[in-house]
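Me: I've got a structure open and want to know what stands behind the labels people put on it. Could you walk me through a few?

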Amino acid sequence: MTDATATQAGAKAPAVTRKPANPGGPRMDHRLKTTVASLGLLALVLLAWQYLPTALDVPKYIIPTLTDCLFELKRMWLYDGLTAHTLSTALYTLLGFAIGSLLGATLGYLLGMSAFWEKVLSPYILALQIAPKVAFAPLFIMWFGYNSVPKLLVTVLIVFFPVLVNVLQAMRTVDRDLINLARAYSLSRLGIFWKIEMPSTLPNLMAGLRIASTLAVIGVTVGELVGGNTGLGYLISYGGGQANAAMVFNAIVLLTVIGFVLYSALVRIEDRVLHYLPKAHG
Amino acid sequence: MALEFRAVTKVFPTNAGTPLTAVSGVSFRVDEGEFVSVVGPSGCGKSTILSMTAGLYQPSEGEVLVSGTRVDGPNAHVGFMLQKDLLLPWRTIISNIEFGLESRGVPRAERRARAIAELRHCHLDGFETQYPYQLSGGMRQRAALARTLAIDPEIILLDEPFSALDAQTKLLLQNSFAKTIAEAGKTTLLITHDLAEAVLMSDRILVLSERPGTIIAEIKVDLPHRNEPIKRRVLPEVSDYAAQLFKHLKLEEKAA
């Protein structure tokens, strides 16, 4: 229950305020503390990364130091077309994520509306969901060649399932009483979908998309690792072949950044779309 | 005649194979503007009666008539409310109240006007743009009543709408519901397991037996202040009526 419960149910109930009116206060202090601690930890890790390998005599091709990586980053940017590789990976991550989640959501909603087809298809969906999707990458290369189709397909496939499963699960658990209410108000099947089922399942859809966004990066990376000559995944396999650990490190960091940006964008969108849900204070 | 049940029996198929008879041979009538309560032990088919009136499913035998017409599907004459307020969390209060009007081809401006009028009746002025989570349980139930009244139904079905509320809120809400319903002149069927509530709010009480539910008694509540349960509550006769219900439901024997 929210703080609104405190208001009397009587006729002269005072307006409920949207948020507790205490800007600053102990919560602010608390947030500052966690930020400082977080940044402190980061600084500590970076320092250890810079000085520990040399101190422990670990060679550069095993663990490059922070500055090694930064120099390599500059070199990659100047001579290896790092920008193009990064943009290519980002593009295919986004594209694969969009196509995969669109397909997953569509199939999820269709199956959610037909108990019959859901029962018919669910064993196969389960089997495909368990099968390691990245293992399909070599097959796709055999079928479609060394171009961008295989990595896109792997990404679509890997993104597809969490979205599908989340939507399907949510469709199964839509409040029956809400649907009965809509029926009593003579809403059509389509009306029930758009006005009840779609909004009811939105939180689960968003959760599915968030999971999918992190997997999209994995899909593209595997696709690029296995075949092709563009993208950060390719730079990883290239750098690995040359015992250039710094290059691999940099590519991993950039992949993480791509995933992080996509994830944060989704969290932003989710906050906007699901603004009507009471937020847990924390 | 606003509502009539004619020898209604409802049998549900079950997974176990033996069909379950929820209600059997139920006949009763509710006059226009009357407030009738249905009480009975849990699982006696009270909600089945409600769902059949709303047209959510059909009787296995017999028929249900609303305003003289046989109910054979969800229809515009009946508005229902459950223990859960069933407000759509993604809609503001005003747009929740409009919800029932949307599938009826009511133009947008008129929808809004009717919703605002009902908002007033249910004392929710100023809460139009709030979301359900920002309201207390009692206020949410009043918003649900406003939504039910907005479609201007001939009959209002209430399925234990007060049972999830604390005692104080319940009393205030019973009072506000009784007033609003009396002002609107609506025929009402209240399903409840709260015997006092039935006595405080009704013109007549139907007592159902255990499953399969049949009507074992019909009690006319001859007390003033039907539209103000808070006033009726202090009348000494109230406890006599409650005692009668008690006896019909054989609660003393069960407690022994």
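Reply: Sure, starting with the surface of chain A: about 16,400 Å² is exposed, and carbon and sulfur atoms supply 70% of that. Keep in mind that this is a predicted model. Of the 282 residues in chain A, 38% are buried.

Me: What makes up chain A in terms of helices and strands?

Reply: Chain A has 10 helices and 0 strands. Read from the N terminus, the elements go α-α-α-α-α-α-α-α-α-α. As for contacts with a separation of 6 or more, 73% of them in chain A come from residues 24 or more positions apart.

Me: Which parts of chain A does UniProt annotate as "transmembrane region"?

Reply: The unreviewed entry gives residues 34–52, 90–112, 124–146, 152–171, 205–226 and 246–266. In the model, residues 205–226 of chain A are 100% helix and 0% strand, with end C-alpha atoms 31 Å apart. Residues 246–266 of chain A are also 100% helix and 0% strand, and their end C-alpha atoms are 30 Å apart. The unreviewed entry also has "domain: ABC transmembrane type-1" over residues 86–266 of chain A, a span that is 86% helix and 0% strand.

Me: And why is Phe144(A) called partly exposed?

Reply: Its relative accessible area is 39%. Buried means under 20% and exposed means over 50%, so at 39% Phe144(A) falls in between and counts as partly exposed. Phe144(A) lies in helix 5 of chain A. Together with Leu139(A), Met142(A), Trp143(A) and Val149(A), Phe144(A) makes a nonpolar surface patch of about 520 Å². Helix 5 (residues 137–144) of chain A gives the most to that patch, with 4 residues. Phe144(A) also belongs to one aromatic cluster with Phe136(A), Phe140(A) and Trp143(A).

Me: How do you know that Tyr276(A) and Trp90(B) form an aromatic pair, and what makes it edge-to-face?

Reply: A search of the whole structure finds 14 aromatic pairs over all chains. For Tyr276(A) and Trp90(B), the distance is 6.2 Å centre to centre, with 65° between the planes. Ring centres within 6.5 Å count as a pair, and planes over 60 degrees apart count as edge-to-face, so 6.2 Å and 65° satisfy both cut-offs. The pair crosses between chains: Tyr276(A) is in the segment after helix 10 (245–273) of chain A, and Trp90(B) is in the loop between strand 6 (78–81) and helix 2 (93–102) of chain B. Both residues, Tyr276(A) and Trp90(B), are buried.

Me: What makes helix 2 of chain B "mostly covered"?

Reply: Here 10 of its 10 residues are buried. Among them are Ile93(B), Asn96(B), Phe99(B) and Glu102(B). The cover includes helix 7 (176–184) and helix 8 (189–226) of chain A, along with helix 3 (108–121) and helix 4 (137–150) of chain B.

Me: Why does Asn175(B) count as buried?

Reply: Asn175(B) has 12% relative accessibility. The cut-off for buried is under 20%, so Asn175(B) meets it. You'll find Asn175(B) in helix 5 (residues 167–184) of chain B. Setting aside neighbours within four places in sequence, Asn175(B) is in contact with Asn227(B), Glu228(B), Pro229(B) and Ile230(B).

Me: Which residues of chain B does UniProt list for "domain: ABC transporter"?

Reply: Residues 3–235 of chain B, again from an unreviewed entry. That span is 33% helix and 25% strand, and its end C-alpha atoms are 30 Å apart.

Notes. Residues numbered from 1 in each chain as written. Chains lettered and ligands numbered in written order. Predicted model: local features only at pLDDT ≥ 70, side-chain atom pairs only at ≥ 80, totals over all residues. Heavy atoms only, no water. UniProt positions renumbered as here; feature names shortened; annotations may be inferred. Helix = DSSP H or I, 4+ residues; strand = E, 2+ residues; numbered from the N terminus. Phe/Tyr/Trp six-rings, centres within 6.5 Å; stacked < 30°, edge-to-face > 60°. Buried < 20%, exposed > 50% of the residue type's maximum accessible area, 1.4 Å probe, protein only. Contact = heavy atoms within 4.5 Å. Patch = residues over 30% accessible without salt bridge, like charges linked within 9 Å, V, L, I, M, F, W, Y side chains within 5 Å. Areas by Shrake-Rupley, 256 points an atom, 1.4 Å probe, with all protein chains shown as cover. Salt bridge = Lys/Arg side-chain N within 4 Å of Asp/Glu carboxyl O.
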